[in-house]
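Trainee: Could you take me slowly through one part of this structure, the pockets and the elements that line them? I would also like to see how the strands around one of the lining elements are arranged.

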Amino acid sequence: MTKKTIIKILDLTKIYGLGDIQVRALDNVNLTVTEGEFVAIMGPSGSGKSTLMNILGCLDRPTEGKYYLAGEDVSELDKVQLATIRNKKLGFIFQSYNLLPRVSALENVMLPLLYDSMQDISGEEQHDRALKSLEAVGLAERVQHQPHELSGGQSQRVAIARALVNEPVLILADEPTGNLDTKSSVEILSILTKLHGEGRTIVMVTHEDDIASFAQRIIRFRDGRIDYDKPNGHKPVHLYKKEVDHEL
Amino acid sequence: MNSRKVFRIAWEGLTRNKVRSLLTMLGVIIGVAAVIIMVSVSAGTEATIAEQIQGLGTNLVFIQEGFSRMGPGEKQTGSGLTMEDAEAIKENITGVSGVVVEQNSSETVKYSGTSMDEVSILGTTVDFPEVRDMTIAEGRYFSQTELDRKTKVAVLGATLAEELFGDGTAVGQMITVGTVKMTVIGVMEEKGSTGGVDYNSNVFIPITVSFTKFNYDPFARMTGNRVRMIYVAVENEEDIEDTIYQIELLLAKRHDVSLDSLDFTATTQDDIIETQESTTAAFRSLLGWVAGVSLLVGGIGIMNIMLVSVTERTREIGIRQSVGATPSDIRWQFLTEALLLSLVGGLIGVASGIGGAKIFGALGDMRTVVSMSSVFIAFSSAAAVGVFFGYYPANKAAQLDPIEALRHE
């Protein structure tokens, strides 16, 4: 059985600025990610990896080129259509968690379902799905906690639960462990590894080799182009491995 | 997204910041309450005036000296209205059920040891009780004969009778009005203060006595006894216009003036109510505008806070956008917040406006009438203010770029 293509990018170019000063943040990028892959995107700042993430996340549109997400051309969609794509097909995990303050973990996780205009999911079902999602990240005990009552690691787990609740075809993680200590980072990576094991497609931006070593494939960006793109030959580094074994 | 969800999100947004929401609503609350209270005060005034005029009696025609026709510096011509005019009307005009003239003065009234200063003495005619709808409780009213003969008899208002005589009988007693001794022949039934005048503390005497004893006019022999106003009660309402015409013909002849240059005016209660209404309507619309301005200020307050709120919650907007909120979802969220602020503010305003109007009416001597139309107008203006001033901030929120919004600290 051939696996579905989740991301297909053709000659993607993103140019910022108008007039004389133009910055080519992405320059003729071609990339394909198939279902079930766990890809780490690396590169120094200014290499274009954030721009790529924004386009992959349907938060931004390419200047030129095509982007097919799960077979659908999303490079020409308007704001409303992009919002719908984000709602149905994507799950975001941010460095700074981006949870709504003063709202319980459960309600934060329910948020994407609230904006699902196609299905109009009942309140009860929203509740159940959010709860299931929180259980999947091991936070069933903390559903009523508000973000300020949670640790960084717990907050990021709520964010992962939120990213999962709409059953996305692609999970985008932008430096998911950037704000976390080692122990919490391990927690998060072990969850991502587990999701990968369940067949989910994950694209993760990081600039740490240790973190990237959890991925199955590593793509390095430089000056808006793909510098190299190869399978990860290494096992997750020893330090993490020990703790991951311990955790799992 | 369905409206219930939008409502919930907006409601949660507001309740997260209760104090601020309340302060924001304050402008609308005050605006709405002000509209309702102010309109109720002017409506109350209007109703009072209308009642006063109605309270004078029914189907009345008021004949006044023609001041209204005089230009500045112009001397009053003619003899003015006299007692004799009133008598002529009564004798010659058909369909008139009563003619009343009044002459006011203020005198000290004494009975044995009791003395009361500044009692209103009302010199009037025999038709007074009928036209004014007053009844005699004890004894009788004076007669035409007594009026013609200038008999020194007095009828007392209920309150005055009690103050002078207590539980004892008043009828048949002698009282001193000013320097004139008079016999009490009757006591009036107590009557609520209609026409803005409390007749319960009056002494009613034949107007002829009043002319000779309290309002002596040395020229009366030549000019007749002057009166300020003649009240004519007409039997049938539909005959009023016709009666006025007859009166005008009669008095024009008596005063030797033409119908084009009458030296008096005849008006009906309806005319007076109409005039009064046009003045109070102007007053009311002024108050309405003042209150409307405060509502506008309330709206600007909402816009101000919503703009602050949008800036402050940029990150939240970014988060919502990232999970799939469309621009219209965001717009509706903030528009609903603004609308909720103004509607809840409007409701509180309506409650406090009605309450305030009631309190005003109960405490002061101002009368207030809360009209449903003012409540409706105030409330719907509040809603309109919410939509109008909420739209700009809401639209601003909807237009935010998700990437920028997510980056916002």
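Mentor: What follows begins with the largest pocket, turns to a sheet and a helix of chain A, and ends with the second largest pocket.

Please keep in mind throughout that this is a predicted model. The largest pocket holds about 500 Å³ of space, and of the 21 residues that line the largest pocket, the closest to its centre are Asn54(A), Phe94(A), Gln95(A), Asp174(A) and Arg407(B), so named from both chains. Two or more lining residues come from each of H1, strand E6 (90-93) and strand E7 (170-174) of chain A, and likewise from helix H14 (402-407) of chain B. H1(A) provides the largest share of this lining, with four residues. Sorted by class, the lining of the largest pocket comprises nine nonpolar, six polar and six charged residues.

Since H1(A) contributes to that lining, its setting deserves a look. Helix H1 of chain A, residues 49-56, lies across E1, E2 and strand E4 (64-69) of chain A, and runs at about 125 degrees to E1(A). These three strands belong to an open sheet of four strands in chain A, ordered E2-E1-E4-E5, with antiparallel pairing. Strand E2 (23-34) and strand E5 (72-73) of chain A are the edge strands, each of which pairs on one side only. Between strand E1 (residues 5-16) of chain A and E2(A), which run antiparallel, there are eight bridges, and Tyr16(A) has Val23(A) in E2(A) as its bridge partner. In general, strands of a sheet pair through backbone hydrogen bonds, in either the parallel or the antiparallel sense.

The second largest pocket can be read in the same manner. About 420 Å³ of space lies in the second largest pocket, and of the 28 residues that line it, Pro101(A), Arg102(A), Arg16(B), Arg313(B) and Glu316(B) are the closest to its centre. The elements giving two or more residues to this lining are helix H5 (152-164) of chain A and, from chain B, helix H1 (3-15), helix H2 (18-55), helix H10 (269-312), helix H11 (314-322) and helix H12 (327-363). H10(B) supplies the largest share of the lining of the second largest pocket, which is four residues. By class, the lining of the second largest pocket has 10 nonpolar, 10 polar and eight charged residues.

Notes. Residues are numbered from 1 along each chain as its sequence is written. Chains are lettered from A and ligands numbered from 1 in the order in which they are written. This is a predicted model: local features need pLDDT of at least 70, side-chain atom pairs count only at pLDDT 80 or more; totals for chains, interfaces and linings use all residues. Side-chain values use heavy atoms; hydrogens and water are left out. Two strands pair if DSSP finds at least two bridges between them. Contact means heavy atoms within 4.5 Å. Axes are lines fitted to C-alpha atoms, for helices over the stretch in contact, and angles run from 0 to 180 degrees between N-to-C directions. On a 1 Å grid over the protein atoms alone, a cavity is a set of points where a 1.4 Å probe fits but cannot get out, and a pocket is an open set with protein on both sides within 12 Å along at least five of seven lines; lining residues have an atom within 4 Å of a point. Grid points are joined across faces, edges and corners, and a volume is the space filled by probe spheres set on the points. Ala, Val, Leu, Ile, Met, Phe, Trp, Tyr, Cys and Pro count as nonpolar, Asp, Glu, Lys and Arg as charged, and the others, Gly among them, as polar.
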